[in-house]
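Visitor: I have a structure to look over. Could you take me through it, one point at a time?

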2 protein chains.
Amino acid sequence: MTHAPHDKLREPLAEIAATCSLPQALETMGERWSFMILRASFNGVYHFEEFLEQLGIARNILSNRLTRLVESGILKRAPCVDDRRKIEYRLTDKGHDLLPTMIALRQWGEKWESGVPSNPVLVDERDHRPIGPISIRAHDGRVLTHHDLCWMNLSDIATADSEEADNSVIKRIAAV
Amino acid sequence: MTHAPHDKLREPLAEIAATCSLPQALETMGERWSFMILRASFNGVYHFEEFLEQLGIARNILSNRLTRLVESGILKRAPCVDDRRKIEYRLTDKGHDLLPTMIALRQWGEKWESGVPSNPVLVDERDHRPIGPISIRAHDGRVLTHHDLCWMNLSDIATADSEEADNSVIKRIAAV
DNA sequence: AATTTAGGTTGCGAATCACTACCTACTGAA
DNA sequence: TTCAGTAGGTAGTGATTCGCAACCTAAATT
């Protein structure tokens with residue numbers, strides 16, 4: 001490896017990580033450029049020099065980030081058949097599964113930061129209409145706002161499949 | 001302000017930012033600790049010392065990050081009525097709107113990193129059942145996989161509300 | 001008045017980022 | 001089969017950020 005990871009800096013997350021997978025998800029995707037590289041991948045960028053040009057990222061940082069994304073199983077390397085000097089960086093299943101997260105973040109940015117729809121747009125192949133907003137839904141598909149939600153302890157849920165779990169509710173999500 | 005932002009370091013994103021709001025969304029949320037602070041906020045952490053203890057973050061970094069989150073309009077400061085030394089950091093509407101993104105990332109982590117459900121769990125208040133998986137849906141609510149999706153240019157969509165926009169399809173999302 | 005508490009700032013060493021220049025394996029052409 | 005070119009990566013260096021510890025100030029408690 002180029003330079004060994006310095007885990008010291010990342011330790012404080014460990015405690016929470018035991019009970020929540022968000023920190024683990026952020027381990028790789030929380031780094032600068034990771035989401036932008038992912039975006040490029042979804043947009044059909046496969047080669048080192050393409051990423052370099054599209055993103056305006058430094059060579060060593062790109063190299064580093066691609067290595068990490070491959071190590072995390074989000075991208076995979078594959079030699080290019082046309083030109084065996086080339087390496088293709090392709091999304092794995094795990095990488096493809098980040099699409100909802102990326103779209104959610106992008107939609108949030110559209111709504112609150114830029115105010116205008118991004119380009120290119122993700123559309124349904126069937127009718128070429130833009131996808132709907134990413135939202136939180138109940139098990140039966142009803143869209144839920146944060147007024148309809150509350151947090152519960154996992155241990156209480158296992159034994160409270162039907163109801164009578166009222167006392168296990170930690171807290172309602174406070175209205176703004 | 002404590003120290004002026006050095007925009008030089010962040011410039012390369014500007015070009016893409018003109019056509020996509022993802023980089024803008026990452027401006028604040030892409031920084032280390034931002035999502036973890038957000039998570040704590042959703043879990044009912046409001047005060048400086050609480051964040052400090054829960055996250056194991058350094059004081060100055062927390063101070064810095066909270067300031068940035070307030071500047072971005074994701075959190076808001078409010079003096080505490082009980083104890084006027086205390087300041088409450090509360091999610092704004094903009095902050096609450098990041099819940100789908102955060103849950104999507106967490107669910108991804110559950111599926112691919114930890115393998116086990118996180119704690120606490122977000123449940124429907126009506127029946128106390130866990131929420132469903134965050135997914136991409138068509139305008140009519142159908143769940144779409146990446147096989148059902150393609151990217152289109154925004155300009156082509158505006159004039160292609162019904163169909164006959166075949167030639168404007170940029171590219172299907174490649175199957176893994 | 002003295003002490004504690006909440007929130008924050010400052011200084012400093014370590015780690016990371018980004019820019020530039022170099023390096024190397026492979027390709028394609030002469 | 002040499003030789004220039006290209007894709008991908010490495011090394012060096014300065015700027016920026018992170019994390020730890022110590023200090024600071026205003027409000028609250030004793």
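Visitor: What rotation superposes chain A on chain B, and with how much shift along its axis?
Guide: Keep in mind that this is a predicted model. Chain A falls on chain B with an RMSD of 0.1 Å. The two copies are thus related as by a two-fold rotation axis. The operation is a rotation of 180 degrees with 0.0 Å of shift.

Visitor: Which residue of chain A has its C-alpha nearest the axis?
Guide: The axis is the one that relates chain A to chain B. The nearest C-alpha of chain A lies 2.7 Å from that axis. The residue is Thr101(A).

Visitor: How many residues does each chain bring to the contact, and which element of chain A gives the largest share?
Guide: Chain A brings 81 residues and chain B brings 80. Several elements of chain A supply at least two residues each, including α2 (22-29), α3 (34-42) and β4 (149-152). The largest share is 15 residues, and its source is α7(A).

Visitor: Why can one say that the copies meet through the same surface?
Guide: Compare the interface residues of chain A with those of chain B. The copies meet through the same surface because the interface residues of chain A are also interface residues in chain B to the extent of 99%.

Visitor: How does the side of chain A that touches chain B divide by residue class?
Guide: The polar residues number 21. The charged ones number 19. The nonpolar ones number 41.

Visitor: Which strand of chain B is joined to β4(A), and do they run parallel or antiparallel?
Guide: Four bridges make the link. Within it, Cys150(A) stands opposite Val123(B). The partner is β3(B), residues 121-124, and the two strands run antiparallel.

Visitor: Which residues are closest to DNA strand D?
Guide: In total, 26 residues surround this strand. The elements that give two or more of them are α4 (48-55) and α5 (59-71) of chain A, and α5 (59-71) of chain B. The closest residues are His47(A), Phe48(A), Asn60(A), Ala58(B) and Arg84(B).

Visitor: How many residues of that surface near DNA strand D are charged?
Guide: Eight residues there are nonpolar. Seven are polar. The charged ones number eleven.

Visitor: How many helices and strands are there in chain A?
Guide: Follow the sequence, and the pattern reads α-α-α-α-α-β-β-α-α-β-β-α-β. Chain A has 176 residues, and 34% of them count as buried. The tally is eight helices and five strands.

Visitor: Why is α3(A) described as largely enclosed by the rest of the structure?
Guide: The buried residues in α3(A) include Phe35(A), Ile37(A), Leu38(A) and Phe42(A). The charged-class Arg39(A) is among the buried ones too. The helix is called largely enclosed because the buried residues are eight of its nine.

Visitor: How many residues of α2(A) are buried?
Guide: Among them are Leu22(A), Pro23(A), Gln24(A) and Met29(A). This helix is also largely enclosed by the rest of the structure. The number buried is six of eight.

Visitor: Is Trp33(A) buried or exposed?
Guide: Trp33(A) sits in the loop between α2 and α3 of chain A. Its phi is positive, near 80 degrees. Most residues other than glycine have a negative phi. With 23 other C-beta atoms within 10 Å, Trp33(A) is buried.

Visitor: Which residues does Ser34(B) touch, apart from those up to four places away in sequence?
Guide: Ser34(B) is found in helix α3 of chain B. It counts as buried, with 21 C-beta neighbours inside 10 Å. The residues touched are Thr28(B), Met29(B), Arg65(B) and Leu69(B).

Visitor: Which residue does a cis peptide bond join to Asn119(A)?
Guide: Omega of this bond is about -5 degrees. Most peptide bonds are trans. The residue lies in the loop between α7 and β3 of chain A. It is Pro120(A).

Visitor: Which element of chain A has the lowest mean pLDDT?
Guide: Chain A as a whole has a mean of 80. Over residues 1-12 and over residues 160-168 the pLDDT is below 50. Where pLDDT is low, the predicted coordinates should not be read in detail. The highest element mean, 95, belongs to α6(A), and the lowest, 48, to β5(A).

Definitions and conventions. Residues are numbered from 1 along each chain as its sequence is written. Chains are lettered from A and ligands numbered from 1 in the order in which they are written. This is a predicted model: local features need pLDDT of at least 70, side-chain atom pairs count only at pLDDT 80 or more; totals for chains, interfaces and linings use all residues. A residue is near a molecule or strand if its C-beta atom, placed from the backbone, lies within 6 Å of it. A residue is buried if 20 or more other C-beta atoms lie within 10 Å of its own, exposed if 12 or fewer, and partly exposed in between; C-beta atoms are placed from the backbone. Copies are superposed by least squares on the C-alpha atoms of residues with pLDDT of at least 70 in both. Two residues are in contact if their C-beta atoms, placed from the backbone, lie within 7 Å. Two strands pair if DSSP finds at least two bridges between them. pLDDT is the predictor's confidence in each residue, from 0 to 100.
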